[in-house]
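Let us walk through this structure with its ligand as the starting point, and then step back to the protein around it.

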Amino acid sequence: MRHLLSAADLSLSEITEILDLAEEMSTVQDRPVKKLPALRGRTVVNLFFEDSTRTRSSFEIAGKWLSADVINVSAKGSSMSKGESLRDTVLTVAAMGVDALVIRHHASGAPWQASHWIDAHVLNAGDGTHEHPTQALLDAFTLRRHFRSADPSSAERNGQASDFTGKTIAIVGDLTHSRVARSNVLLLQTLGAEVVLVAPPTLMPSGVDSWPAANTTDFDEVLGACDAVMMLRVQRERMSGGYFPSAREYTIGYGLTRARLGALRPGAAICHPGPMNRGLEISADAADAANSLILDQVAAGVSIRMSVLYQILGGAEESVASPVREAAVR
Ligand code: CP
């Protein structure tokens, strides 16, 4: 894998390899010394032109736990604020000899463009309303663990597809502005899950009927049939007009309220990529419920980003068998 730009670029075997390696990487989180030598001498730059808590810090932690040198550059505080273009910024940073750029940008396609300007590896950390592939990978990692803990035999059945085959996952809310939804639809389709998109008509993307997913405007219709519900943040900062009459009406139609929590299948997983608007798309009862995986998703972010950085920077030619086991015998 040279770059990670879209979930569509990943085959089932590549996804499986990333998730399996992330399982091994996750053991580092429980160690007193959280350090593997795998990416010693490599330099990763986090180039963030949009705010982030989870993605930026987990990419930084992931790189550092793999012994890479990690530098953070954000629009505020960089020469972008003096009018330097994206292209000049990317070329400037790449000219310093970095191995990988992790890019978040408000323009859809910015990481793809960057990958054509430079030789370094490019990882998409969220571009506009287009994609957020590492979010979809960490969501799949979290759900795979959840499904396996509910049915331990599923891991031994015919490969990884069985973890998601027959599972119904609803993605609910502001679909129009959601890069998380787009990457998840692509990844979950490859994994063999049934995806149902739920949104008010005003937040249903145009052309959604051609997506590899069912869609409905009636959340209550699908609630009891889901193995997982993935709630999306209402992205008010990307909304120029009135997409719904009021916050209260949005919650009545599309919020995961206490009442809807009670209508979920027992054990159905609750996910949210964060940051959450508590009281709008998700109630505190749902966010903090026993079957909420929201903090598991955050923890998975580090493991997945370690796995992806290693796959891209550490092991392309050699075996990616186990940097964790290799480190253990040193
Ligand atoms: N899920 C996600 O991308 O969160 P951040 O914006 O905090 O990185």
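The shell around the ligand draws at least three residues from each of domain 1 (7–130 + 301–328) and domain 2 (133–296), with domain bounds taken from an automatic or database domain assignment. This is a predicted model, in which local features need pLDDT of at least 70 and side-chain atom pairs count only at pLDDT 80 or more, while totals for chains, interfaces and linings use all residues. Residues are numbered from 1 along each chain as its sequence is written, and side-chain values use heavy atoms, with hydrogens and water left out.

Around the ligand, with a heavy atom within 4 Å of it, are Ser52, Thr53, Arg54, Thr55, Arg104, His132, Gln135, Pro273 and Gly274. By class, this shell holds one nonpolar, six polar and two charged residues, where Ala, Val, Leu, Ile, Met, Phe, Trp, Tyr, Cys and Pro count as nonpolar, Asp, Glu, Lys and Arg as charged, and the others, Gly among them, as polar.

Turning to polar contacts, that is, pairs of N or O atoms within 3.5 Å, a polar side-chain atom of Arg54 lies 2.6 Å from an oxygen atom of the ligand, and one of His132 lies 2.9 Å from a ligand oxygen atom. Gly274 instead places a backbone N or O atom 3.3 Å from a nitrogen atom of the ligand. Taken alone the ligand exposes 250 Å², of which the protein buries 92%, with areas from the Shrake-Rupley method and a 1.4 Å probe.

As for the two domains, the C-alpha centres of domain 1 and domain 2 lie 25 Å apart. Their contact, meaning heavy atoms within 4.5 Å, takes 28 residues from domain 1 and 25 residues from domain 2.

Terms used:
A polar contact is a pair of N or O atoms within 3.5 Å; within protein, one must be able to donate a hydrogen and the other to accept it, and residues adjacent in sequence count only if both atoms are side-chain atoms.
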